[in-house]
Every structure is written in C-alpha cells, then in structure tokens.
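Reader: I am in my first year and would like to look closely at a single part of this structure. Could you take one helix and go through it slowly, with its ends and its surroundings?

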Amino acid sequence: MYTGEKLYFLFSNPIVIACVFSWFCAQFIKTVIKLFYGQIHSFKQLFELLLWRTGGMPSSHSALVACLSTAIAYRSGVDSDIFILSLCFFLVTIRDAVGVRRANGIQAKRLNEIIKIMNEKKLSNFKPIKEVQGHSPMEVFVGCLLGFFIGTAFSVL
C-alpha cells in the first residue's frame, strides 16, 4: 500500500471524521458566540478563533476527546483495550483543560498585572507573558456533551 492509500484510509475513517467534525463544530459555536457578543473586531481574529484559538464556550478539546471515546465505545466496545486507552486520554485532557491550563492562565493574568504596574513605575521593562486560556467546568461539560452526541451520531448512522 502506498502513502496516498494510507492517507485516504486515515482520513476516510469514521472516527477521524467524527473527531474533526466535533472539533470544528465546537470552534464554530465558539466563534458565533463571540460574534454575537461583539468580541471579534477583525477578519484575522475571526479566522484565528474559527481554526485555532483556545478557551471559551464550548471546549473544542473536550468535544474532540469525548467524541473519540464515544465513537470507539460504539465501534470497539467498552471492554476493549482501545476504549480504555481513549478513556484515559479523555480524563487527562479534561483534567488539563479545567485544572492545569486554567490555573496557568489565571496566574499569567496576575503576573501581567504586576508587570504592568512595575513597568509603569519604571521598576522593570518586562514584556507581558502569554495568558493561556483554560476552561470553566461548564465549558468543558458542554464540550463533552457536544462530543458525545456527535460521536453517537457518527457511530449509529
């Protein structure tokens, strides 16, 4: 089998298609919400949010891993080794989204406030650090629901 066939089989796999669709749906919903609230001010922001930017409602990370675990559960069964692996991956991703990344983002925001004050008083000349956005529990929950329903739809149909 040559590389083109391998790529075709990879990207025609129903689980891959479901996961990409769940991620894109979450990013699309997130973009529509930000548009509705007037938080997007340029085409560049719109494009970045639609394709890349993290944080916000719903969590695309959560949607993707929930979809992955759901689709594998339907196709391989909940007693399969691959489902257990996907479930562990799901739990680590969810914990990271709502715990570690959120805490890092809150800390970065506080540090940037301190840096701003110090720079204004000419005590330092530091540049602000990147504030990585984590997710609230509700954003993760909604992402998981979205992923579950999309995984179910792709697996049952």
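Author: What follows is a walk along helix α4, from the residue before its start to the residue after its end, and then a look at what lies around it. Keep in mind that this is a predicted model.

Helix α4 runs over residues 60-76, which is 17 residues. From its first C-alpha to its last, α4 reaches 24 Å, close to the 24 Å expected at 1.5 Å a residue.

Begin just ahead of the helix. Ser59 sits in the loop between α3 (43-51) and α4. Its relative accessibility is 0%, and because buried means under 20%, Ser59 counts as buried. Ser59 also caps the N-terminal end of α4. The contact behind this cap joins a side-chain oxygen of Ser59 to the backbone nitrogen of His61, at 3.5 Å.

Now move into the helix itself. Which residues of α4 are buried? They are Ser60, Ser62, Ala63, Val65, Ala66, Cys67, Leu68, Ser69, Thr70, Ala71 and Ile72. When you check such a list against the picture, one general point helps. An α-helix has 3.6 residues a turn, so residues three or four places apart point the same way.

One of the buried residues, Ser69, deserves a closer look. Ser69 has a relative accessibility of 6%, and so it counts as buried. A polar atom of the Ser69 side chain lies 3.0 Å from the backbone oxygen of Ser86. Ser86 has a neighbour in the numbering, Leu87, which belongs to helix α5 (residues 81-120). Leu87 counts as partly exposed because its relative accessibility is 31%. Measuring tape in mind, compare sequence and space for this residue: Leu87 and Leu51 are 36 residues apart along the sequence and 25 Å apart from C-alpha to C-alpha.

Further along α4 comes Arg75. With a relative accessibility of 52%, Arg75 counts as exposed, because the cut-off for that word is over 50%. Arg75 and Ser155 are 80 residues apart along the chain, yet their C-alpha atoms are separated by 7.0 Å. After the helix comes Gly77, which has a positive phi, near 95°.

Next, consider a helix that passes α4. The axes of α2 (residues 14-36) and α4 come within 8 Å and cross at roughly 150°. That angle is why α2 is described as roughly antiparallel to α4. The crossing in which α2 passes α4 is right-handed.

Helix α2 includes Pro14. Pro14 has 31% relative accessibility and therefore counts as partly exposed. Pro14 and Lys127 are 113 residues apart in sequence, and their C-alpha atoms are 45 Å apart in space.

A database record also has something to say about this stretch of the chain. In an unreviewed UniProt entry, the annotation "transmembrane region" covers residues 6-29. In the model, residues 6-29 are 92% helix and 0% strand, with the end C-alpha atoms 32 Å apart.

To go over α4 once more in order: Ser59 caps the N-terminal end, Ser69 is buried, Arg75 is exposed, and Gly77 follows the helix. Alongside, α2 is roughly antiparallel to α4.

Definitions and conventions:
Residues numbered from 1 in each chain as written. Predicted model: local features only at pLDDT ≥ 70, side-chain atom pairs only at ≥ 80, totals over all residues. Heavy atoms only, no water. Helix = DSSP H or I, 4+ residues; strand = E, 2+ residues; numbered from the N terminus. Expected span 1.5 Å × (residues − 1). Buried < 20%, exposed > 50% of the residue type's maximum accessible area, 1.4 Å probe, protein only. Polar contact = N/O pair within 3.5 Å; in protein donor to acceptor, adjacent residues only side chain to side chain. UniProt positions renumbered as here; feature names shortened; annotations may be inferred. Axes fitted to C-alpha atoms, helices over the stretch in contact; angles between N-to-C directions. Parallel < 35°, antiparallel > 145°, perpendicular 65-115°, else oblique. Left-handed = near helix turned anticlockwise from the far one by under 90°.
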